[in-house]
Amino acid sequence: MSATRVEEDWKQALAFVSEPGPYLVVSHLHPDGDAIGSTLAVGWILKRLGKQVVMVNESPVPDKFRFLPEAERILSPDEAGAEGPYRRVIAVDVADRERMGSVCQLLAAEAEVLNIDHHPTNDRFGTTNLVIPGAAATAEILCHWSRRLQVEWDRELATCLYTGLLTDTGGFRYANTTPEVMELASGLLRHGVEPGAIADRVIETMTRGQLALLRRALDTLTFSDDGQVGWIKLTREDFRSSGAREEDLDGIVNYARNVAGVDVGILFRETDGQGIKVSLRSREIVDVGKLAQSMGGGGHARAAGCSLTGTLDEAEKSLLEQVKAALDGREG
């Protein structure tokens with residue numbers, strides 16, 4: 001994308017919030033730290049600009065992120081519906097419209113949508129798009145968006161932005177941890193962010209459900225003959241017997257990828273519907289974002305996901321063939 005086009009996108013994204021609102025702010029289903037942090041950050045910025053704002057997500061806020069300022073104001077679609085339909089919408093960390101889930105029903109037919117995201121697979125579904133694939137997190141884009149809007153950072157806004165940066169860089173360990181990210185994090189810390197407390201809550205602490213699910217997942221850990229692929233599987237019965245919830249899946253796929261010699265780690269899990277959800281992580285060889293996109297999903301080069309039809313065994317066979325092809329250099 002040319003520098004001129006990028007600057008025009010910035011200009012339009014800044015002008016988008018010149019209207020009085022109300023604004024609906026939404027992120028993706030099963031939100032992570034960047035999704036929740038970015039939703040709250042946009043809500044905070046709009047509030048500081050004197051705008052009326054409603055924050056919504058089809059999925060509940062995971063317990064680990066409920067400490068964030070005003071997390072309790074993120075409503076369910078039923079709760080947010082009373083004020084709808086909404087004509088001005090800001091979607092954050094959403095790669096495509098479908099990822100908003102049932103929240104789409106709250107949008108007016110003529111709705112204007114500002115799409116702010118960093119996923120390389122983003123399809124620019126908004127009427128206004130600020131998509132920067134080189135950003136480590138949507139929160140990184142929002143750091144610059146808030147500055148360009150001349151909204152001063154305070155402790156609350158800085159905490160939301162920092163949480164987005166922290167979680168999408170794996171605690172500032174992934175390859176997307178750039179000097180620019182560290183400079184932004186440093187600036188946020190100067191506004192009262194408590195890095196130790198946040199890291200303990202969102203990275204270090206595990207729930208009992210997560211531990212129970214992890215025990216079952218590790219029992220299924222399997223490796224390819226060459227050791228470059230590791231995968232684990234979870235059934236609906238695993239969730240029922242462990243009492244685990246959707247949010248308890250957080251980080252489990254990394255155990256397959258983190259084994260020495262493995263480039264691609266995969267988690268297959270049965271859903272309550274008929275399909276299989278797949279989470280992919282890679283170290284350096286396979287672009288799993290590209291791989292997932294070819295199968296109807298999306299994400300980043302090192303972290304992505306997709307949904308497949310059929311049984312667990314069928315999904316496993318189909319995807320492993322694609323991963324092997326990518327490792328052989330034929331795709332990916």
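Here are a few worked exercises on this structure, which is a predicted model.

**Exercise 1. Find the edges of the sheet**

Task: Which strands stand at the edges of the open sheet of 6 strands, each with a single partner strand?

Solution:
- Begin with the order of the strands, which reads β7-β8-β9-β10-β12-β11, with mixed pairing.
- The edge strands are β7 (222-223) and β11 (298-299); each has a single partner strand, so one side of each has no neighbour in the sheet.
- Now look at how β7 is held: 2 bridges join β7 to β8 (residues 229-234), and these two strands run antiparallel.
- To locate one such partnership in the model, pick threonine 222, whose bridge partner in β8 is tryptophan 231.
- Finally, see what lies across the sheet: helix α12 (residues 312-327) lies across β8, β9 (264-270), β10 (276-282) and β12 (303-308). The angle between α12 and β9 is about 160°.

**Exercise 2. Check a helix with a ruler**

Task: What span should the 12 residues of helix α8 have, and how far apart are its end C-alpha atoms?

Solution:
- Helix α8 covers residues 208-219, and at 1.5 Å a residue it should span 16 Å.
- In the model the end C-alpha atoms of α8 are 17 Å apart, which agrees.
- Next, ask which residues of α8 are buried. They are Gly209, Gln210, Ala212, Leu213, Leu214 and Ala217.
- The cover over these buried residues includes β8, α9 (236-242) and α10 (253-257). You have already met β8 as the strand joined to β7.

**Exercise 3. Place one alanine**

Task: Is alanine 111 buried or exposed?

Solution:
- Find alanine 111 in strand β5 (residues 107-117).
- Its relative accessible area is 14%. Buried means under 20%, so alanine 111 is buried.
- Setting aside neighbours within four places in sequence, alanine 111 is in contact with Tyr86, Arg87 and Thr127.
- For a sense of distance, compare valine 286: it is 175 residues from alanine 111 along the chain, and their C-alpha atoms are separated by 38 Å.

**Exercise 4. Follow the salt bridges**

Task: How many salt bridges does the count come to, and which parts of the chain does the pair of arginine 87 and glutamate 110 tie together?

Solution:
- The count comes to 18 salt bridges.
- In one of them, the side chains of arginine 87 and glutamate 110 meet at 3.6 Å, N to O.
- Arginine 87 belongs to strand β4 (residues 86-92) and glutamate 110 to strand β5, so this pair ties together parts 23 residues apart in sequence.
- Both ends are partly exposed: arginine 87 has a relative accessible area of 48%, and glutamate 110 has 46%.
- Another pair is glutamate 194 with arginine 155, whose closest N and O atoms are 2.3 Å apart. Here glutamate 194 sits in the loop between α6 (179-189) and α7 (195-204), while arginine 155 is in helix α5 (residues 155-168), 39 residues apart.
- For a pair within one helix, turn to α12: glutamate 321 forms a salt bridge with lysine 317, with closest N and O atoms 3.0 Å apart. Being 4 residues apart in α12, the two are separated by about one helical turn.
- Check their accessibility: glutamate 321 is partly exposed at 46%, whereas lysine 317 counts as exposed at 56%.
- To finish, look for a network: salt bridges that share partners join Asp63, Arg66, Arg245 and Glu247.

Conventions:
Residues numbered from 1 in each chain as written. Predicted model: local features only at pLDDT ≥ 70, side-chain atom pairs only at ≥ 80, totals over all residues. Heavy atoms only, no water. Pairing = 2+ DSSP bridges. Contact = heavy atoms within 4.5 Å. Axes fitted to C-alpha atoms, helices over the stretch in contact; angles between N-to-C directions. Expected span 1.5 Å × (residues − 1). Buried < 20%, exposed > 50% of the residue type's maximum accessible area, 1.4 Å probe, protein only. Salt bridge = Lys/Arg side-chain N within 4 Å of Asp/Glu carboxyl O.
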